[in-house]
Every structure is written in structure tokens, then in C-alpha cells.
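Visitor: I have a protein model to look at and no idea where to begin. Could you show me how to read it, one feature at a time?

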Amino acid sequence: WYQRRVHGDFFQGDMKLNISFPSNGTQKTFDFDNEQAVRPFFDKRMSAEVEGDSLGDEWKGYVFRITGGNDKQGFCLTQGVLTNKRVRLLLTKGSKGYRPRCTGERKRKSVRGCIVDAQISVLNLAIIKKGEKEIPGLTDTQVPRRLGPKRASKIRKLFNLSKKDDVRKYVIRRKIEPKKEGKKPYSKAPRIQRLVTPQTLQRKRHRVAVKKQRAQKQKTLAANYAKLLAKHQQERREARHLAHQKRRSSHKSESKA
């Protein structure tokens, strides 16, 4: 281990690059103890694109996107915090790295900024452009997807189905070998999401009908209330008019007397 001052921090001679190749579904970790190799990643933010020529001749032409990382104490990079140090932020529900125990609970915790510096021990990268040479264990192999699509529209897109085709016949099932001996292997299939069936359409029609009935009932009640209010106001006006006439007649009789 050696220490060297780099961008105001000590570079401790070892950084791991966790590189993934999304198109093949592969991932591999590489150790780099050369400061010059990882220097182009310093002062870059998350989601920034960096060329990989500095990592070696086999990485020429590769372009990476920074997707995350961890510092030497285990704090992960946090998107939106524009610093290369740790800061204490008041975190709420939905914040990265915090799970509230009570409703409305907030807590001040240390989070790492989204800017890469020499204190990062593991940096997560994704290949967005492949170079000329193959990387053993990363770009020369392809890992099949363990699970198939779950949403109905994505199953239709995968098999190029029309709206009339039954999606349930095209669900990708996976075979499971039982751990105990003597048991038969079985298969599992995902529960299709956003599947439109006659039952779902019937429930939707029922919801719409109930909503219309509720609106019609409220309209009828409002009309009846308006009639009752108008009748009550008319009765009050008539009573006021009669009382006024009685007062006028009593005043006239007193003046004649």
C-alpha cells in the first residue's frame, strides 16, 4: 500500500471497477492499483460517460457510464448530492439508504456525494459502447435471462402477438428441480400483470355503472333539496307578507279611531 496525494485526497493504490455489460447480462470486477488508469474517473459525476482507454490496450474503444459506487467506509454514491465528500442530510421516506420505522419519521444521516474521487473503493460501471477487443468473462459470454417478461404488453412485444391472441399461452415457464430426492420436477410461471380478461372488463363496467348511479342519486337529491328550499322560502315570503298586511291594517284602524 502506498499513499499519494491526488486531487486533495490520498489515493491508496487500489480501486475495484465493477463493470457490467447489460446487453449480454454479464458482470465482472477488476482490480486496478495504477493511479493513472483510474484518474480519468475522478471528478466525474454519476451517469457521466467516460472512455476506458486509460485502463489498458484491451479497453480501447470502450465507453462506460458511471452507475454508482462505494467509498472505503461503505457509503454509496448518492445522485443529486453535488460533492465528493460525505454530508449529513435529513432523510425522509423514499430517500436512498434510509427506511423509516414510523410514519412521518425523519432522520439525519451521512450520505456520500455523487462525485467520484480517490476515496472510492468500488466504482460501478456499465458498458455503453463496446471496443475492438473482447474481454474474457465479460463480453465473450452471454448469460440467458432467468425470468421471462411478466407484463402482458411485454409478452406481446416479445412474441409479436396481436390483441386477439391469448397471452396466457405464451408465458415463459421455468423448470425447478426439487432438492429432495424422489420428488418430481415442476415448473413455475409468473402471474401476468395488466391482463385484460372478460372478468376485468365486467368489473370495470360495474365500477362505471356504480359511479353513474351515485352521480344520478346525488343529482336527484340536489334537485329535491332545491325544490324543498324553494317551497320553504315561498312559505316564509307569504308569511312575511301576511304579517305586513296585518300590521298595516292595524295601523289604519288606529289612525281612524
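Guide: Let's start with the sheet, and keep in mind that this is a predicted model. Five strands make up an open sheet, in the order β4-β3-β9-β6-β5, and the pairing is mixed.

Visitor: Which strands are the edge strands?

Guide: Look for a strand that pairs on one side only: here that is β4 (26-32) and β5 (49-51). The sheet also twists, by an average of 35° from one strand to the next.

Visitor: How do β3 and β4 run, and how many bridges join them?

Guide: They run antiparallel, and 7 bridges join β3 (residues 15-21) to β4. To see one of these on screen, pick Ile19, whose bridge partner in β4 is Lys28.

Visitor: And in which sense do β3 and β9 pair?

Guide: That pair is parallel, with 5 bridges between β3 and strand β9 (residues 120-129). Try Asn18 this time: its bridge partner in β9 is Asn124.

Visitor: What is the bridge partner of Gly68 in β9?

Guide: Asn124 again: it is the partner of Gly68 and also of Asn18. Gly68 falls in strand β6 (residues 63-71), which pairs with β9 in the antiparallel sense over 8 bridges. Another spot to find is Asp71, which stands opposite Ile120 in β9.

Visitor: How many bridges join β5 to β6?

Guide: There are 3, and these two strands run antiparallel. Val50 is a handy landmark, standing opposite Phe64 in β6.

Visitor: Is there a general idea about where the side chains point?

Guide: Yes, in a regular strand they alternate between the two faces of the sheet.

Visitor: Now a helix, please. Which residues of α2 are buried?

Guide: Helix α2 covers residues 152-159, and Ala152, Ile155 and Arg156 are buried in it. Viewed down the axis of α2, the buried residues fall within an arc of 100°, so they line one face of the helix.

Visitor: What happens just after α2?

Guide: Asn160 comes there, with a positive phi of about 55°.

Visitor: Which residues in the loop between α1 and β5 should I look at for phi?

Guide: Try Asp43, which is in the loop between α1 (35-38) and β5. Its phi is positive, near 65°, and Asp43 is a residue other than glycine. Ser47 is found in the loop between α1 and β5 too. Ser47 is not a glycine either, yet it has a positive phi of about 75°.

Visitor: Why does Asp43 count as partly exposed?

Guide: Partly exposed is the range between buried, under 20% relative accessible area, and exposed, over 50%. Asp43 has a relative accessible area of 44%, so it counts as partly exposed. Ser47 gets that label at 45% relative accessibility.

Visitor: Is Gly182 buried or exposed?

Guide: Gly182 is exposed, with a relative accessible area of 81%. You'll find Gly182 in the loop between β10 and β11. In strand β11 (residues 186-188), go to Lys188, which is partly exposed at 41% relative accessibility. And in the loop between α2 and β10 (174-176) there is Tyr170, partly exposed at 34% relative accessibility.

Visitor: How do I set sequence separation beside separation in space?

Guide: Pick two residues, then look at both numbers. Tyr170 and Pro149 are 21 residues apart along the chain, with 10 Å between their C-alpha atoms. For Lys188 and Tyr98, the separation is 90 residues along the chain and 34 Å between C-alpha atoms. Gly182 and Gly74 are 108 residues apart in sequence, and 45 Å apart in space, C-alpha to C-alpha.

Visitor: Last one: how does anyone find a pocket?

Guide: The general idea is that rolling a probe the size of a water molecule over the atoms shows where empty space is left. In this model, the largest pocket holds about 160 Å³ of space.

Visitor: Which residues line the largest pocket?

Guide: The lining includes Arg168 and Val171, along with Pro190, Arg191, Ile192, Gln193, Arg194 and Leu195, and also Thr197 and Thr200. By class, that lining has 4 nonpolar, 3 polar and 3 charged residues.

Notes: Residues numbered from 1 in each chain as written. Predicted model: local features only at pLDDT ≥ 70, side-chain atom pairs only at ≥ 80, totals over all residues. Heavy atoms only, no water. 1 Å grid on protein atoms, 1.4 Å probe; cavity = no way out; pocket = protein on both sides within 12 Å on 5 of 7 lines; lining within 4 Å. Points joined across faces, edges and corners; volume = space filled by probe spheres on them. Nonpolar A, V, L, I, M, F, W, Y, C, P; charged D, E, K, R; others polar. Pairing = 2+ DSSP bridges. Helix = DSSP H or I, 4+ residues; strand = E, 2+ residues; numbered from the N terminus. Axes fitted to C-alpha atoms, helices over the stretch in contact; angles between N-to-C directions. Buried < 20%, exposed > 50% of the residue type's maximum accessible area, 1.4 Å probe, protein only. Arc of directions from axis to C-beta.
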